[in-house]
Amino acid sequence: MLHSRLFAGVHTDRATALDHYITVIDAVLGLKRKHAAALPDNIKSLSDALTSRRGEGLRSNYMADPRILSAYVSYFLPWNLFRLVSILPGLDLQLPEKSVIVDLGSGPLTFVQALYLARPDLRRQKLVFHCYDTAGAALKMGKDLFFELVKRTEGPEAKSAWHIEIEQAPLQAGLTKRADLVVAVNVVNEFVGFSRQGGNESELYAVAEKFLFGPAQPGRILFVEPGTRMASGNLARLRDAFIELGAPIKGPCTHTGSCPYGNRMSKGWCHFIMPAKQAPSWLRDLSKRAGLHKERAGLSYLDIGNRETVEHDTENSGLRLGRVLSDAFPLRLGGTGAMGRYVCAEGGLVVAMGDIVQSWKQGDVIRLDGLETLGKDEKSGLPLVGAQIQQPRSTRDNDSAKRPYPKRH
């Protein structure tokens, strides 16, 4: 039933690297005692500014302020690394020797560092990164952070095989270079403005055209956004634009049908949650000192393939697949103790039930072949599908039956 797994958990070596990342930050920032003491307050102030009306009141070059940049690098960067390191191994990004990666809105080279942490198999590959951002100070600090990370991972004399070019320029400038992969992390709002409702369909269609038909002609495009309703809605509508332009969707969707969360009036949104307890203890402690208590970290993403490969992509041909969007929850089936999970598939959302669902994880792609339609779920009104399949002897989700009925993502 399990076809592929998006989140396998942060492996021991990656978790250890994240635990030690504080030494990288300390070495590069070198904060004096009084600046270190003010750090929690600066982090809280920056958080308030970034989450209030999508950053309204911040200058466009706000990271030129050393206090703000230090707060961002100390707090927001490592949380973003935690999110990216959790998802990148499951995306199966193919980057052969001399691949070119264009990173739009790089900031302090967040994606570059996350890829280095998440994919040790790529560290010896000769990869070329073109990193674009309007904040030159953040780019320069990001380069220092990356090379410090390499030294602390591989030894003080180590040199990276990756060639990194930083360019202080508008994000759109990055779409003028040929690329095997174009990455845009937390920057979709930069393309469509800061409206509370996000971008409209015409704006998002124009964005998709720039990515697909510009000089970059990327073989793969990856958008990663915070797990918010607005960010997810933008990605859902951007997905529709890419599909209309003929680009294949590699994830999170397992189909090209209508997105159940594409409507602005939808009660839920497509996002994935990671428990904050898996993040480094020093980062959780800093969050508490800044008054930003986190129980979980979320993200939404959109993975786009190359238009020219659509007809040749037969990997999933003929399979009826669905993406698991929730933790397991108890169903209202007369005290039977049955468990279910929300699954997105061709035709919309369904609730999958049965013993097997407890062995699944949020983000898994599962095969729906063999699951029977069993009526409708009493709470959500969604189709109820399932099969009486015995749960594997060992499962990492034994405690899922104790969890409360979740909100629909």
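The exercises below, each with a worked solution, concern a predicted model of a single protein chain.

**Exercise 1. Overall make-up**

Task: State how many helices and strands the chain has, and what percentage of its residues is buried.

Solution.
- Step 1. The secondary structure of the chain comprises nine helices and 16 strands.
- Step 2. Of the 409 residues in the chain, 53% are buried.
- Step 3. Sequence separation is then considered: among contacts between residues at least 6 apart in sequence, 78% join residues at least 24 apart.

**Exercise 2. Length and bend of helix 2**

Task: Determine what span is expected for helix 2 (residues 33–51), and where the helix bends.

Solution.
- Step 1. Helix 2 has 19 residues, and the expected span is 1.5 Å times one less than that number.
- Step 2. The expected value is therefore 27 Å, and the end C-alpha atoms of helix 2 are 28 Å apart, in agreement with it.
- Step 3. Helix 2 bends by about 45° at Leu39, and the proline Pro40 follows within four residues.
- Step 4. The buried residues of helix 2 include Leu39 and Pro40 at this bend, together with Ile43, Leu46, Ser47 and Ala49.
- Step 5. In an α-helix there are 3.6 residues a turn, so residues three or four places apart point the same way.
- Step 6. Helix 3 (66–87) and helix 9 (281–289) are among the elements that cover the buried residues of helix 2.

**Exercise 3. The surroundings of strand 6**

Task: Decide whether strand 6 (residues 220–226) is largely enclosed or open, and identify the sense in which strand 6 pairs with strand 5 and with strand 9.

Solution.
- Step 1. A residue is buried when its relative accessible area is under 20%. Six of the seven residues of strand 6 are buried, so this strand is largely enclosed by the rest of the structure.
- Step 2. Strand 5 pairs with strand 6 in the parallel sense, over five bridges; Phe223 of strand 6 is the bridge partner of Ala184.
- Step 3. Strand 9 (residues 296–304) runs antiparallel to strand 6, and six bridges join the two. Here Val224 stands opposite Tyr301 of strand 9.
- Step 4. Leu222 has contacts beyond its neighbours within four places in sequence, among them Leu181, Val182, Val183 and Ala184, as well as Tyr301, Leu302 and Asp303. Leu88, Leu91, Leu93 and Phe111 also touch Leu222.

**Exercise 4. The nonpolar cores**

Task: Establish how many residues the largest nonpolar core has, and which element supplies its largest share.

Solution.
- Step 1. The largest nonpolar core has 87 residues.
- Step 2. Helix 3 gives the largest share of this core, 14 residues.
- Step 3. The residues with the most contacts inside the core are Tyr21, Leu88, Phe111, Phe129, Trp162, Leu222 and Tyr301.
- Step 4. A second, separate core has 30 residues, including Tyr132, Val188, Ala208 and Phe242.

**Exercise 5. His130 and Lys177**

Task: Classify His130 and Lys177 as buried, partly exposed or exposed, and find how far apart they are in sequence and in space.

Solution.
- Step 1. His130 is in strand 3 (residues 128–133), whereas Lys177 is in the loop between strand 4 (163–168) and strand 5 (181–185).
- Step 2. The relative accessibility of His130 is 9%, so His130 counts as buried. Lys177, at 28%, counts as partly exposed.
- Step 3. The two residues are 47 apart in sequence, and their C-alpha atoms are 8.6 Å apart.
- Step 4. Beyond four places in sequence, the residues touching His130 include Lys177, Glu165 and Glu167. Those touching Lys177 include His130, Tyr132 and Glu167.
- Step 5. The side chains of His130 and Glu165 are joined by a polar contact of 3.4 Å.

**Exercise 6. Backbone features in loops**

Task: Locate the cis peptide bond, and state where Lys98 and Asn186, which have positive phi, are found.

Solution.
- Step 1. The cis bond joins Gly251 and Pro252, with omega about 5°. Pro252 is in the loop between strand 7 (249–251) and strand 8 (272–275).
- Step 2. Lys98, with phi near 70°, is in the loop between helix 3 and strand 2 (100–104). Its relative accessible area is 64%, so Lys98 is exposed.
- Step 3. Asn186, with phi of about 60°, lies in the loop between strand 5 and helix 6 (188–192). At 26% relative accessibility, Asn186 is classed as partly exposed.

Definitions and conventions: Residues are numbered from 1 along each chain as its sequence is written. This is a predicted model: local features need pLDDT of at least 70, side-chain atom pairs count only at pLDDT 80 or more; totals for chains, interfaces and linings use all residues. Side-chain values use heavy atoms; hydrogens and water are left out. Buried means under 20% relative accessible area, exposed over 50%, partly exposed in between (1.4 Å probe, protein chains only). Contact means heavy atoms within 4.5 Å. The bend at a residue is the angle between axes fitted to the seven residues ending there and the seven starting there. Two strands pair if DSSP finds at least two bridges between them. A nonpolar core is a set of buried Ala, Val, Leu, Ile, Met, Phe, Trp, Tyr and Cys residues joined through side-chain atoms within 4.5 Å. A polar contact is a pair of N or O atoms within 3.5 Å; within protein, one must be able to donate a hydrogen and the other to accept it, and residues adjacent in sequence count only if both atoms are side-chain atoms.
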